[in-house]
Amino acid sequence: MKKAYRVKKNEEFQEIFKKGDSFANRQLVIYSLKKEGQSHFRVGFSVGKKIGNAVMRNQIKRYLREAFHELGPYIDLEYDYIIIARMPTREMGYHDIKSSLQHLLKKTKKIRH
């Protein structure tokens, strides 16, 4: 994923947490904040230490990045997103995580199909 598509700075994370809308299912939490005039979406991922060791956390982040990459053409462009993984993601494969993410994006009405 290109640098322009990522939310990395702590200040940006905090702004999205405070001002953004949140939706959740059992596996993931999504925060979204509208950014007027933005030509593409940006996304940040958070996987806490309680979920597993570094290998497990990085694998979950890779799955989420790939799912966002595949769903990219359908995602609303003027938003910044933060995805927080919950405990059940540690037992999930890529396709399960992608369908969970798709479900959340449909719930937030940020995806067009």
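**Helix H3, the cores and the largest pocket**

Let me begin with helix H3, whose 14 residues should span 20 Å at 1.5 Å a residue, and because its end C-alpha atoms are 20 Å apart, the expected and computed values agree. I should say straight away that this is a predicted model.

Staying with H3, its buried residues are Tyr 94, Ile 97, Lys 98, Ser 100, Leu 101, Gln 102, Leu 104 and Leu 105, and they pack against strand E1 (21–24), E2, H2 and E4. Just after the helix, Lys 109 takes a positive phi of about 60 degrees.

That brings me to the cores. In the largest nonpolar core there are 24 residues, and those with the most contacts inside it are Phe 68, Tyr 81, Ile 83, Leu 101 and Leu 105. At least two residues of this core come from each of strand E2 (28–34), strand E3 (42–47), helix H2 (54–71), strand E4 (79–85) and helix H3 (94–107). If we set aside its neighbours within four places in sequence, Ile 83 is in contact with residues including Leu 28, Ile 30, Val 43, Phe 45, Leu 64, Phe 68 and Leu 101. Apart from this core lies another, of 7 residues, with Val 7, Ile 16, Leu 33 and Ile 82 among them.

Finally, the largest pocket has a volume of about 170 Å³. It is lined by 12 residues, of which Val 7, Lys 8, Phe 45, Lys 61 and Arg 65 are the closest to its centre. E3 gives the most to this lining, with 5 residues, while E3 and H2 each supply at least two. By character, the lining of the largest pocket divides into 6 nonpolar, 2 polar and 4 charged residues.

How values were computed
Residues numbered from 1 in each chain as written. Predicted model: local features only at pLDDT ≥ 70, side-chain atom pairs only at ≥ 80, totals over all residues. Heavy atoms only, no water. Core = buried A, V, L, I, M, F, W, Y, C linked by side-chain atoms within 4.5 Å. Buried < 20%, exposed > 50% of the residue type's maximum accessible area, 1.4 Å probe, protein only. Helix = DSSP H or I, 4+ residues; strand = E, 2+ residues; numbered from the N terminus. Contact = heavy atoms within 4.5 Å. 1 Å grid on protein atoms, 1.4 Å probe; cavity = no way out; pocket = protein on both sides within 12 Å on 5 of 7 lines; lining within 4 Å. Points joined across faces, edges and corners; volume = space filled by probe spheres on them. Nonpolar A, V, L, I, M, F, W, Y, C, P; charged D, E, K, R; others polar. Expected span 1.5 Å × (residues − 1).
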